[in-house]
Amino acid sequence: MAIEQTFSIIKPDAVERNLIGDILKMISDSGLKVKALKMIQMDRAKAEGFYAVHKERPFFGELVDYMLSGPVVVSCLEGENAIEHYRKLMGATNPADAEAGTIRAAFGVNIQNNSCHGSDGPETAKNEVAYFFNDNELVG
Ligand code: CMP
């Protein structure tokens, strides 16, 4: 299986509840390696650009406001089949549908405040990592 990189956000609801360590532990216990990591406060332009693909969706405004509501932890994760691996570890977008043992089942509040984001494919992963990290920050 190919070694891939994926992009992750620990979202404001999880940071606010002091869950950064718990989520990073689930990530490393699952075998993914942290290649880059930082805590940031997004501004509106950054959040709107990140979620531009959803700009016509009815939840776009609320989603952007939520992502600005506090700091987030962004990371680049690496491992075999990392994109699919991390999506499985996160669980379904709506925590109510997420399987036991997943991050969203453990910590997600609702479909918006769902504690984490992960890239949905190789192209997205490449673009999302580059949206938040310079090459010289991928040091892990
Ligand atoms: P994420 O994986 O970051 O991708 C888009 C985000 O939009 C999603 O997680 C949710 O946090 C948020 N969202 C809010 N409402 C919905 C919805 N009805 N369907 C999908 N995503 C939603």
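**Ligand shell and pocket**

In this predicted model, the shell around the ligand splits into four nonpolar, five polar and two charged residues.

Q: What makes a residue part of the group that surrounds the ligand?
A: One of its heavy atoms has to lie within 4 Å of the ligand. K11, Y51, H54, F59, L63, T93, R104, I111, Q112, N114 and H117 surround the ligand, so they belong to that group.

Q: Why is the pairing of Y51 with the ligand called a polar contact?
A: The cut-off for a pair of N or O atoms is 3.5 Å. A polar side-chain atom of Y51 sits 2.5 Å from a ligand oxygen, so the pair qualifies.

Q: What about R104 and I111?
A: For R104, a side-chain N or O atom is 3.4 Å from an oxygen of the ligand, which is within 3.5 Å, so it counts. I111 uses its backbone instead: an N or O atom there lies 3.2 Å from a ligand oxygen, so that pair counts too. As for cover, the protein takes up 80% of the 450 Å² of accessible area the ligand has on its own.

Q: How do you know where the ligand sits?
A: The test is that more than half of its atoms lie within 2 Å of the grid points. The space the ligand takes is the largest pocket, which holds about 540 Å³.

Q: What makes up the lining of that pocket?
A: There are 23 lining residues, with Y51, H54, L63, T93 and H117 nearest the centre. By class they are nine nonpolar, eight polar and six charged. Strand β4 gives the most, three residues.

Key
Residues numbered from 1 in each chain as written. Predicted model: local features only at pLDDT ≥ 70, side-chain atom pairs only at ≥ 80, totals over all residues. Heavy atoms only, no water. Polar contact = N/O pair within 3.5 Å; in protein donor to acceptor, adjacent residues only side chain to side chain. Areas by Shrake-Rupley, 256 points an atom, 1.4 Å probe, with all protein chains shown as cover. 1 Å grid on protein atoms, 1.4 Å probe; cavity = no way out; pocket = protein on both sides within 12 Å on 5 of 7 lines; lining within 4 Å. Nonpolar A, V, L, I, M, F, W, Y, C, P; charged D, E, K, R; others polar. Points joined across faces, edges and corners; volume = space filled by probe spheres on them. Helix = DSSP H or I, 4+ residues; strand = E, 2+ residues; numbered from the N terminus.
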